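The following briefing looks at one helix and its surroundings, and then at the arrangement of strands in a sheet. Please read it alongside the sequence and the coordinates.

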Amino acid sequence: MSFSSFALRAELLRAVHELGFVSPTAIQKDAIPAGLAGRDVLACSATGSGKTAAFLLPILQRLAESPKGMTRALILTPTRELAAQIGSHLAELGRYTNIRGAAVYGGVAMGPQRQALARGADIIIATPGRLLDHMRQSYARMPGLEILVLDEADRMLDMGFLPDIRRIISQLPKVKQTFMFSATVPSEIVKLTREMLKDPATINIGRESKPAAGITHSVYPVPHLLKSSLLLKLVQDDKIRNALVFARTKRRADRVADYLKRNGIAATRIHGDRTQGQRTQALEGFKSGHYRVLVATDVAARGIDIDALSHVINFDLPGCSEDYIHRVGRTARAQAVGDAFTFVSPDQEGDLKAIERALSSRLPRVVIDDFDYSVKDLPQTEGRPQHNSRKPQGQRGGRGPSRPWERSEWKPKQGKRFFAHAR
């Protein structure tokens, strides 16, 4: 199957061909025909599935057939990076049309955004909070709006944007077509779809999300205090061309990035406390190869789209299987291949098993032969693991250290569960 089978306009097919798209992905095969037919679309899709083109191509086709010089499509996204990414894809796919878009998000001046909204940019890509700031003024009413897209709806829900989304929708004219894309479909999303969508084409609903087939998964058992040292050991290997490293908190992302830089690795970080200028500089520097390692938190990493990303490293174990799938989906995009490494301390094996159950697969454990797994008096680069117990770590009934990863002689098991692997 080729993109020409969708009966797209010649200028869109030309752009698709120049971008190197050979055949549509699974989500594109189902969503594009429904979108071109004018139907509402509800799709469950993971990162790297090609969902952005799945809604942009039908939008561009519709708007190119009857240009009106006003904002006719609104795309809502959870993060600035995702808004910028969609804007970039729009520019590429619409390069041979007269359709223009504008990104509206926080952290940058409102003036250019105000002008884009006032003059009626054909497509507005916005984060909910910044768009609401503009919608307090009459220039952002968008009376000619026809198409609404909610991208990564579940993440917007997790980030507390649902009230903002409802306020935005209440101020919009009744749209003719709605696209909703979500990695998962929790009950709140189901309720929202019933309110917003009319007889939608449902795609992958009820099907469990799975990582891309081109990803090679590996688990690295390691004491918590040695995670930074293990990360340094891995990224010093030239086989890791570039790596996106996920940390649990903003503070930890700072510490990990600083530790790598102190040890000669070109690294930077991206998270919510960084200014938009700093986030843009970090992302562009990583994409250009100036930085080999980008340390990010989950929220800030939404929308990071990097061609040929070789490795994703979970410095901290994600909280659920959906987050794991979304993280590792940053590599092996568009049917490419990539590696996903996950660091797991002994107390996290239970959490890892939950992810493995969701993946229906036990992930291989990897032990590096020439890495010293004994815990010594090391600098605190990432802090100790957090536990629910109020007792000081290592103290149970006054018997001293009771957790194996707190004992200097602890090493990951070798044998049936683990296999030796040198990098």
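Which residues are exposed on the other side of H15? In this predicted model, Gly-350 and Arg-357 are the exposed residues on that side of H15, and the points below set them against the buried residues of the helix before turning to the sheet.

**Helix H15 and its surroundings**

- Helix H15 runs over residues 349–359, and its buried residues are Glu-349, Leu-352, Ile-355, Glu-356 and Leu-359.
- Because these buried residues fall within an arc of 115° when H15 is viewed down its axis, they line one face of the helix.
- The packing partners of the buried residues of H15 are helix H14 (321–328) together with three strands, namely S8 (215–221), S13 (338–344) and S14 (365–367).
- Just after H15 comes Ser-360, whose phi is positive, at about 55°.

**The seven-stranded sheet**

- An open sheet is formed by seven strands in the order S3-S4-S2-S5-S6-S1-S7, with parallel pairing.
- Strand S3 (101–104) and strand S7 (201–203) each have a single partner strand and stand at the edges, so one side of each is left without a neighbour in the sheet.
- On average, and with direction ignored, neighbouring strands of this sheet are turned by 10° against each other.

**The pairing of S2 and S4**

- Within that order, strand S2 (residues 73–76) pairs with strand S4 (residues 123–126) in the parallel sense, over four bridges.
- Leu-74 has Ile-124 in S4 as its bridge partner.
- As a general matter, the strands of a sheet pair through backbone hydrogen bonds, either parallel or antiparallel.

Methods: Residues are numbered from 1 along each chain as its sequence is written. This is a predicted model: local features need pLDDT of at least 70, side-chain atom pairs count only at pLDDT 80 or more; totals for chains, interfaces and linings use all residues. Side-chain values use heavy atoms; hydrogens and water are left out. Buried means under 20% relative accessible area, exposed over 50%, partly exposed in between (1.4 Å probe, protein chains only). Helices (H or I, at least four residues) and strands (E, at least two) are DSSP runs, numbered from the N terminus. The arc is that of the directions from the helix axis to the C-beta atoms. Contact means heavy atoms within 4.5 Å. Two strands pair if DSSP finds at least two bridges between them. Axes are lines fitted to C-alpha atoms, for helices over the stretch in contact, and angles run from 0 to 180 degrees between N-to-C directions.
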